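Please walk me through this structure, taking the sheet, the helices around it and the less usual backbone features in turn.

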Amino acid sequence: MTFKLIAALFIILMMTMSSSSNAFTVIDSHLHIWATAEELKNFPYAGEDQTPPSSLQNSASPEKLLEQMNTAGVDGALIVQPINHKFDHSYVTNAIKKYPNKFKGMLLHDPSLPSKLAVQRLEELVFSGYVGVRFNPYLWSDEQLMSSGAGLDVYKRCGELKIPVGIMCFKGLQLHIEDIRALLSESPETYCILDHMGFCALNDKGDEAFKLLLGLAKHPNVYVKISALFRNIGEDDSFPYNKVKSMRFDPLLDAYGADRLMMGSDFPFVLETEGSYKGAIETVQSWVDGNDQKALVGGTAERLFGSWT
């Protein structure tokens with residue numbers, strides 16, 4: 001074996017050891033994008049009531065997101081279909097096609113569709129590259145439940161396709177806990193993700209909801225997004241969210257383990273908080289180390305949604 005060949009093999013070995021020991025993928029598992037004012041002609045909002053905050057309207061393009069990701073060392077992002085475009089997924093689809101190694105999509109389920117069409121729509125979007133489904137219970141009518149009719153059929157089909165379903169309990173987990181338990185019972189093979197730590201703010205109401213969230217850990221298919229930290233604070237907590245860590249994250253880590261938790265920013269809303277995007281990402285990263293950190297900041301997301309690289 002020649003000296004040059006030995007030297008080349010040594011260099012390759014060192015590069016492999018370095019990359020395997022130090023590098024891991026960082027994934028933002030929860031954020032939104034929407035059309036800027038200049039893009040509205042081609043990508044209109046769902047209605048006047050769905051116009052984003054004026055301060056953020058031009059801050060949520062794919063390019064603006066990539067700028068933030070680069071500053072924070074984030075490798076990939078799961079884009080959750082925004083309510084601003086409602087069930088028209090063309091803007092997110094366009095972003096995924098433009099930056100396929102950076103973005104994946106989570107579609108928004110339309111509760112107004114009958115079962116057959118709802119499942120068909122799910123399959124169309126999944127087969128075009130979407131890797132998750134969002135259930136927004138506030139899009140259902142007062143008489144409907146997520147765990148009945150088309151909602152249940154879509155949830156079950158997601159289990160068959162290995163497509164996770166994320167649930168947004170914006171007004172409180174306690175309002176939807178029985179509905180969620182019914183979904184878990186009807187389709188235990190479907191991966192169920194609770195957004196934003198279940199929206200359990202640091203107050204009495206949030207404490208009661210948090211007990212319910214911890215109780216769901218007994219279901220091995222339930223996951224939790226450690227995202228939108230600013231939505232879970234109390235009156236006396238602020239960046240870097242020390243009480244959120246001690247009173248919410250640490251118990252979740254004990255109950256679920258890092259392999260069922262995933263980091264998310266809730267971009268672009270996080271831009272208007274202390275610490276902004278980079279601060280939110282670095283805060284969650286600092287809460288754990290070793291294999292737990294690897295799972296929390298990217299491993300769990302890639303296991304559920306596939307590799308970004």
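This is a predicted model, and a convenient place to enter it is valine 154, a residue of helix α5, which spans residues 149-161. Valine 154 has a relative accessibility of 1%, and because buried means under 20%, it counts as buried. Beyond its neighbours within four places in sequence, valine 154 is in contact with His109, Ala118, Val119, Leu122 and Phe135. Arginine 121, which lies 33 residues away from valine 154 in sequence, is 9.5 Å from it in space, taken from C-alpha to C-alpha.

One of the contacts of valine 154 is histidine 109, which sits in the loop between β3 and α4 (115-127). With a relative accessibility of 4%, histidine 109 also counts as buried. Leaving out residues within four places in sequence, its contacts include Phe87, Ala118, Val133, Arg134 and Phe135, and also Leu139, Trp140, Gly151 and Val154.

From these residues we can turn to the sheet. Eight strands make up an open sheet with parallel pairing, and their order is β1-β2-β3-β4-β5-β6-β7-β8. The edges are taken by β1 (27-31) and β8 (261-264), each of which has a single partner strand, so that one side of each has no neighbour in the sheet. On average, and with direction ignored, neighbouring strands of this sheet are turned by 25° against each other.

At one of these edges, β8 pairs with strand β7 (residues 222-227) in the parallel sense, over four bridges. Within this pairing, lysine 225 has methionine 262 of β8 as its bridge partner. Helix α9 (residues 276-286) packs on the sheet here, where it touches β1, β7 and β8, and its direction makes about 160° with that of β8.

Strand β3 (residues 103-108) is mostly covered, since six of its six residues are buried. In a regular strand the side chains alternate between the two faces of the sheet. In β3, Phe103, Gly105 and Leu107 point one way while Lys104, Met106 and Leu108 point the other way, and all of them are buried. Strand β2 (residues 76-80) pairs with β3 in the parallel sense over four bridges, and in this pairing isoleucine 79 stands opposite glycine 105 of β3.

After β2 comes the loop that leads to α3 (90-98), and histidine 85 is placed in it. Histidine 85 is buried, with a relative accessible area of 3%, and, not counting residues up to four places away in sequence, it touches Trp34, Ala35, Phe43, Pro44, Tyr45, Ala46 and Tyr91. Tyr91 is in turn among the buried residues of α3, together with Val92, Thr93, Ala95 and Ile96. These buried residues of α3 pack against α2 (62-72), β2, β3 and β4.

How do the buried residues of another helix, α6, fall when seen down its axis? In α6 (residues 177-186) the buried residues are Ile177, Asp179, Ile180, Leu183 and Leu184. Seen along the axis of α6, they fall within an arc of 160°, so they line one face of the helix. On the other side of α6, Glu178 and Ser185 are exposed. The buried residues of α6 pack against β4 (130-135), α5, β5 (165-167), β6 (192-194), α7 (204-215) and β7.

The backbone also has some features that deserve attention. Most residues other than glycine have a negative phi, and most peptide bonds are trans. A cis peptide bond, however, joins phenylalanine 239 and proline 240, with omega about 10°, and proline 240 lies in the loop between β7 and α8 (242-256). The bond from phenylalanine 267 to proline 268 is cis as well, with omega near 0°, and proline 268 is in the loop between β8 and α9.

Tyrosine 241, in the loop between β7 and α8, has a positive phi, near 60°, and is buried, with a relative accessible area of 5%. Lysine 162 likewise has phi near 60°; it is found in the loop between α5 and β5, and with a relative accessible area of 48% it is partly exposed.

Tyrosine 241 also leads to the interior space of the model, for it is one of the residues lining the largest cavity. The count comes to one cavity of 30 Å³ or more, and the largest cavity holds about 40 Å³ of space. Along with Tyr241, its lining includes Ala228, Leu229, Phe230, Gly264, Ser265, Val270 and Ala280.

Definitions and conventions
Residues numbered from 1 in each chain as written. Predicted model: local features only at pLDDT ≥ 70, side-chain atom pairs only at ≥ 80, totals over all residues. Heavy atoms only, no water. Helix = DSSP H or I, 4+ residues; strand = E, 2+ residues; numbered from the N terminus. Buried < 20%, exposed > 50% of the residue type's maximum accessible area, 1.4 Å probe, protein only. Contact = heavy atoms within 4.5 Å. Pairing = 2+ DSSP bridges. Axes fitted to C-alpha atoms, helices over the stretch in contact; angles between N-to-C directions. Arc of directions from axis to C-beta. 1 Å grid on protein atoms, 1.4 Å probe; cavity = no way out; pocket = protein on both sides within 12 Å on 5 of 7 lines; lining within 4 Å. Points joined across faces, edges and corners; volume = space filled by probe spheres on them.
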